[in-house]
Amino acid sequence: MKQVVQNYKSGELAVLDVPVPGCKPGGVLVRSAYSLISTGTELMKVSEAGMSMLGKARSRPDQVAKVMQSVATNGVPATYRKVMGKLDSYTPLGYSLCGVVEQVGAGIDDVKVGDLVACAGNEHALHAELNWVPKNLYAPVPDGLAPRHAAFGTVGSIAMQGVRQGEPQLGEVALVIGLGLIGQLVVQLLTAAGVRVVGADPDPTRCELAERLGAAACGDPASPAVEAAVAELTDGHGVDQVFLAAGGGSNQPVELAARLARDRGRVVDIGKCRLDLPWNAYYEKELDVRFSRSYGPGRYDPSYELEGRDYPIGYVRWTERRNLACFLDLLARGRVDVEPLVSHIADFDDAVETYQSLKDGELKAVAVLFRYPEQAAEQGESAAPEVSVPEVRRTATTVAPARSAKTPVRLAFVGAGNYATSMLLPHLAQREGVELSTVVTTTALSAANAQRKFGFAQATTDLDAVLGDKSVDAVFVVTRHSSHAELTRQALLAGKTVFVEKPLALTEDELAGVLAAVEESGNDRLQVGFNRRFAPLLQEAKNRFGTRTGPASLRYLVNAGKLQHGSWYLQQGAEGSRFAGEGGHFIDTASWLLDADPVSVYATAAPGNEDLQVVLRYPDGSTATISYVTTGAPGFPKETLDLLADGKVLRLDDFVKASVHGGKKWVSSRLPKARDKGQNAELAAFIKAVRTGGPMPVPLESLVATTAATLAVQTGLAAGAPVTLARTP
């Protein structure tokens, strides 16, 4: 088998062929699926190995003391030979992984061959294809938890043990200094425990990430922002706990801890930073300084780790193994999210290059995973996982009555935010034969503003009053993403025709709930705001392109750009990822141009940012590649699209200009000021369907397929593999 090793004398890194470890009693043999690189601990070890002998001595004074003791006992020559022999040998790397049990040793009855387990230990959870892991250093992975996420189990346990040492209480305020991998996990664990968190790190990207994951405020420790945030959250008293998750030789973290902790606060050292405690500052506040020892009780105890002797739960509630199991449970229940921490996934065979890129600073990362493709394929991780595309079932379908041309279509709006008031209501307010009946918002003032500006007959905060109003023909759901599916479900059950802005749903369960409402009520009168297929310029270009006879290749570049700080789109825990909210637009446009629904989705993300590459495959062999990027130039057009098939090319430039190249060349004559992404035409088609009782502008089956494909992007990112879109009843 292969294993990552390092020579501490020369600094050489290598992937060696080594013998397979035996499966001893009291443990299991685990074949790795993913292993996690600790960008703190491991990179420190890799960097030290590249130092001169003097540099190594300076970085490890504890080891120098042992050498001097050996000289006094054994003499210089013997000590030199011993030290050189130890340095000039290969040592392993790694201590956190997830894999599959391949063999069970004697005395093990809690797992079986084929079970997925998370493993810990710098002697047992190594970057290697196979590891023997003793009983107290593995924990079964809960159903549904992705192996790549379970690989965080060990570092999660380290963060958890640090949090436990701080003894946080509901409503307290904590300061986390250092927002690397451990610090980011500490932030999430504290937030899950009901603690408000301030973060400190000189890297603005890490500060932004911590705020997305729950921190109340973050900033550079040298700036006044951190101190101001602490003062505001604590009424000037100081934080209850400080967690030192930083590394390096600076004494700034312990000095900052003393300055911002309250009287008799707790300071917990989790990382490996300088601890030259300023005596007066710590004495005057009587600060309680605590250390967190790795994964928890049991660490460094051979009888626990190697012999499997557990500590009675009545005396030691949270052992090393119980911390590991607890962290996996939090991951499985969505209380902690490690996906935003994954900066890069590298193939195991590329381990040496990956370490070098990290060491040289070419790869900026919070967390990096090694992927073991053979094992992942056996477990279906790199083989195609599935996302179901539920069958649309209708029972006792309600036929929408037609209305005379003189009878206005009465509309109600649930939500009146920026998109509703800028892109939808201006088209509807002036449309003949439309009456804006009621606007519903959560705050009275926003409803009143919409009523005044667009002429709604009523403004209210009572949703039930609208759903129960039989005079309302159609309901527009234009709220935040997390509420779309539930509001749509309620409106369908109330018998309303529904226009819901994208996305229709953020999870498969939400999508299933909407379709259950369709089946229960017989009401399938639903439209999702996929407006681009209605854009006049794109429709004309498609007509000019003509019918296809062979497979097509479609390329769609979305220059999405950066979101402004504070945008609710950044609240991924509550509102889903940015692509989950917006990506349906581009998938729907591709499927409309290709006249089919996708059968598989493959997604990959660029390291350290939100850039995505999404590849859709269609039944006839056509493919659509959507490049969704946030790192492009702001002045470049947002959307450019190319469709190639049958010796022809369709080109769309940001809904300003279009062209078709083939037997005859066609170029549109539209001017930039005429950009039209189809909202007006979409609304016209929707109003016509409501008025006439005719078919909805887009078949419900297509809306469901696009939503399922959008959800499959996140599934594919988590799995690192293509996702099959399986049609299921």
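Modeller: Before we look at helix pairs, a word on axes: they are lines fitted to C-alpha atoms, for helices over the stretch in contact, and angles run from 0 to 180 degrees between N-to-C directions. This is a predicted model, where local features need pLDDT of at least 70 and side-chain atom pairs need 80 or more, while totals for chains, interfaces and linings use all residues. Residues are numbered from 1 along each chain as its sequence is written, and side-chain values use heavy atoms, without hydrogens and water.

Colleague: Fine. What makes α19 roughly parallel to α20?

Modeller: Helix α19 (residues 484–493) and helix α20 (residues 508–521) pack at about 0 degrees, with axes 9 Å apart. Angles under 35 degrees count as roughly parallel, over 145 as roughly antiparallel, 65 to 115 as roughly perpendicular and the rest as oblique, so α19 is roughly parallel to α20. Contact here means heavy atoms within 4.5 Å; among the residues of α19 that meet α20 are Ala-485, Leu-492 and Leu-493.

Colleague: And why are α16 and α24 called oblique?

Modeller: The axes of α16 (residues 418–429) and α24 (residues 679–692) come within 9 Å and cross at roughly 55 degrees. That value is neither under 35, nor 65 to 115, nor over 145, so oblique is what remains. Their crossing is right-handed, meaning the near helix is turned clockwise from the far one by less than a right angle, where anticlockwise would make it left-handed. Tyr-419 and Met-423 are among the α16 residues that meet α24, whose side includes Leu-683 and Ile-687.

Colleague: How many helices and strands are there in the protein chain?

Modeller: There are 25 helices and 32 strands. Helices are DSSP runs of H or I with at least four residues, strands are runs of E with at least two, and both are numbered from the N terminus.

Colleague: Now the rings. How many aromatic pairs does the structure hold?

Modeller: It holds 13. Rings of Phe, Tyr and Trp (its six-membered ring) pair if their centres lie within 6.5 Å; planes under 30 degrees apart count as stacked, over 60 as edge-to-face and the rest as tilted. Phe-348 and Tyr-372, at 4.4 Å centre to centre and 25 degrees between the planes, form a stacked pair. Phe-348 lies in the loop between β15 and α14 and Tyr-372 in the loop between β16 and α15, so the pair ties together parts that are 24 residues apart in sequence.

Colleague: What makes the pair of Phe-413 and Phe-476 stacked?

Modeller: The centres are 4.6 Å apart and the planes at 5 degrees, so the pair is stacked. Phe-413 in β18 and Phe-476 in β21 are 63 residues apart, and ring pairs link both of them with Phe-456, Phe-499 and Phe-686 into a cluster.

Colleague: How do you know that Lys-648 lies over the face of Phe-545?

Modeller: The distance from the ring centre is 4.5 Å. The rule asks for NZ of Lys or CZ of Arg within 6 Å of the ring centre and within 35 degrees of the ring normal.

Colleague: Last one: is Asp-235 buried or exposed?

Modeller: Exposed, with a relative accessible area of 66%; buried means under 20%, exposed over 50%, partly exposed in between (1.4 Å probe, protein chains only). Asp-235 lies in the loop between α9 and β12 and has a positive phi of about 55 degrees although it is not a glycine. Phe-413 and Phe-476, by contrast, are buried.
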